[in-house]
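I opened this structure to look up how two helices pack and how two chains touch. My notes follow.

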Amino acid sequence: MKSIQRFGYPIFFVIMALLPHLLDPRWQAVAITFLIFSVVALSQDIVLGKSGMFNMGQALFFGIGAYTTAILNTQFGWPLLATIPLAILIPALFGVLLAGPIVHLRGDYLLVTTIGFNIVFVQVVQNNLGGITGGPNGIFGLDSMSLFGLQLSSQVDVYYFAFAVLLITLWIMHNLEGSKPGRALHYLREDQLAAESIGINTRIYKIFAFALSAGIAGLAGTVFATQYSAVSPEAFNFMQSVLFFSIVIVGGSSVPGVLIGVFVMFVLPEIFREFATWRFFIFGFAMIAAMILRPRGIIPASFGKIPKFLIKENRHGA
Amino acid sequence: MDIFLQQLANGLTIGSMFALVALGYTMVYGVMRLINFAHGDMVAASAFVGLTIYTQVMGQATSLVAVIAIFLLAAVVMAIIGVILERLAYRPLREAPRLSAVVSALGASLIIQNGIMLIWGPRMRIFPELVPQVYWDLGGVVISLIQVIILALSFFLMVGLYLFVEKTRMGAAIRASSIDQDAARLMGINVNSVIMLIFIIGSSLGAVGGLFIGLYYRGITFNMGWQYGLYAFIAAIIGGIGNIPGAMLGGMLLGLFNAFIAGYVSSTWADAFTFILLIVILIVRPTGILGERVAEKV
């Protein structure tokens with residue numbers, strides 16, 4: 001893990017920074033998709049992996065962010081980048097409001113409720129509630145990015161926007177790990193009762209995790225809306241949430257694991273396009289095989305600096 | 001009043017299909033504490049298997065014997081697939097973290113769903129008209145022969161299952177395993193056979209549910225499993241997951257609820273209302289209507 005941090009990350013960042021100049025436009029678009037979905041998957045990891053709450057509705061917050069940007073831009077004429085604060089705050093607020101009443105639910109019940117939120121959201125935007133979500137076709141014709149009068153309409157600009165968002169996300173995740181909330185979340189994931197009994201307000205921290213995760217996913221939504229100049233309900237349906245959920249668990253809830261998971265789920269299908277109809281059939285087998293061979297994920301996350309002899313293997317997991 | 005009675009009849013029909021499928025979820029969850037996400041797709045697969053048995057094996061016969069044979073054959077095929085699924089995807093993960101098994105179930109669901117697509121194609125298929133289109137008009141309320149058959153057969157299967165689980169030794173083994181697997185093992189119960197039995201029962205009930213869906217709605221698509229599976233799973237949770245009468249009750253309630261939403265509000269909002277109902281029930285009773293209030297094990 002340490003060697004990855006020392007050498008892997010710099011190499012990864014340098015490659016990612018140079019990437020758009022090495023690719024043709026089609027692959028630049030794929031690379032942007034990789035960056036966006038990496039951010040969403042990492043935000044999902046905060047709730048699912050780091051805090052151990054079974055959330056299967058992350059596409060909801062991703063979608064709220066994207067729709068916030070799209071509505072503010074097309075209906076109210078806000079520049080795309082100016083929508084960022086609200087595209088973070090509104091999903092985060094929804095995270096608090098929706099998670100508030102349900103965070104006490106036991107694992108699987110929480111899972112089903114979050115699926116429910118996701119499905120209700122898709123139905124709401126499909127039925128064009130309030131006449132602002134554009135119905136089943138979604139919203140299209142967004143402006144391109146601009147900053148202080150500078151037009152940033154090329155795909156490479158969008159790529160660097162997405163890359164910056166990924167870097168911010170990684171920075172937040174890195175800081176979270178050693179911070180008080182991060183340690184509290186880790187503790188309540190391992191043993192909620194013990195965490196409560198030493199005075200950790202588990203309810204507040206759980207809601208905090210949802211809000212943080214929703215805010216980051218919402219920001220990814222802005223990038224998504226920027227890339228396609230459009231949003232539509234299918235992009236945020238429950239199937240997407242299932243994929244983000246699986247990526248975090250298969251990846252092992254570590255940053256490299258999650259990035260590999262996103263690569264396998266969203267980039268490999270672009271490379272093997274002729275097998276498009278077989279895509280999910282093969283993924284199904286891959287998911288089962290990955291879990292049987294590595295039940296804790298491809299690259300399991302490690303936490304802190306606990307000496308090996310003190311770690312008791314928790315066989316039954318969360 | 002007519003709408004009320006009509007939707008009552010429709011709701012009971014849909015509800016009994018939900019209940020049949022919900023039983024598969026609840027029994028597996030009861031013993032293994034696992035949401036078998038593949039169950040909904042098994043239900044969808046059953047409708048397609050039924051279609052193929054009808055055209056290839058039965059030579060498109062619709063006699064009573066042929067229809068019974070289609071139901072039995074589809075149930076046997078799905079039971080075999082269910083047992084294979086458990087062996088390959090779930091048994092190796094019994095000691096693994098809970099979420100690994102969930103992802104394995106999601107993987108199995110993708111395999112079955114896309115397997116259907118690769119075999120039968122991505123387009124909607126029309127399920128054969130196995131039961132003649134007979135309707136009775138009972139003073140403004142129209143009831144079809146299909147509805148009567150679905151209601152009667154579901155009722156018969158559910159009573160049968162209830163008696164099996166409550167009155168037989170094998171049923172006692174199932175109940176014991178769902179309370180405490182380790183203790184059940186110490187009492188000499190072969191938990192592996194119990195789990196196999198549960199997959200056989202759950203998958204064949206789901207197979208009947210899938211054929212009912214085909215008979216009632218006629219149009220079947222490869223990805224319909226998610227939709228019906230999710231509803232059935234919600235039914236199981238509303239009733240109290242792991243609880244067999246709870247799944248039956250939850251299925252009926254959800255069917256009625258859906259029918260009344262469709263009748264009085266609009267079917268375009270059915271999903272939203274269903275989930276709002278679920279969330280409200282879970283906030284009021286976090287373990288469902290018939291679920292026991294158990295403290296989290298320490």
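Before reading any angle, I noted the cut-offs: under 35 degrees counts as roughly parallel, over 145 as roughly antiparallel, 65 to 115 as roughly perpendicular, and the rest as oblique. I also noted that this is a predicted model.

Entry, confidence. I looked up the scores and found ipTM 0.86 and pTM 0.89. For chain B, I read a mean pLDDT of 89, with 97% of its residues at 70 or more.

Entry, helix pair. I picked helix α10 of chain A, residues 238-251, and helix α11 of chain A, residues 255-271. Their axes lie 8 Å apart and the packing angle is about 130°. That angle is in none of the three named ranges, so I wrote down α10(A) and α11(A) as oblique to each other. I logged the crossing of α10(A) and α11(A) as right-handed.

Next I asked which residues of α10(A) meet α11(A). From α10(A) I listed A:L243, A:I247, A:V248, A:V250 and A:G251. On the α11(A) side I listed A:G257, A:V258, A:I260, A:G261, A:V262 and A:M265. Sorted by class, the residues of this contact are eight nonpolar, three polar and no charged.

Entry, chain contact. I looked up where chain A touches chain B and found 34 residues of chain A in contact with 35 of chain B. On the chain A side, α5 (107-126), α10 and α12 (279-293) each supply at least two residues. The largest share, 10 residues, comes from α5(A). By class, I recorded 21 nonpolar, nine polar and four charged residues on that side of chain A.

Terms used:
Residues numbered from 1 in each chain as written. Chains lettered and ligands numbered in written order. Predicted model: local features only at pLDDT ≥ 70, side-chain atom pairs only at ≥ 80, totals over all residues. Axes fitted to C-alpha atoms, helices over the stretch in contact; angles between N-to-C directions. Helix = DSSP H or I, 4+ residues; strand = E, 2+ residues; numbered from the N terminus. Left-handed = near helix turned anticlockwise from the far one by under 90°. Contact = placed C-beta atoms within 7 Å. Nonpolar A, V, L, I, M, F, W, Y, C, P; charged D, E, K, R; others polar. pLDDT = per-residue confidence, 0-100.
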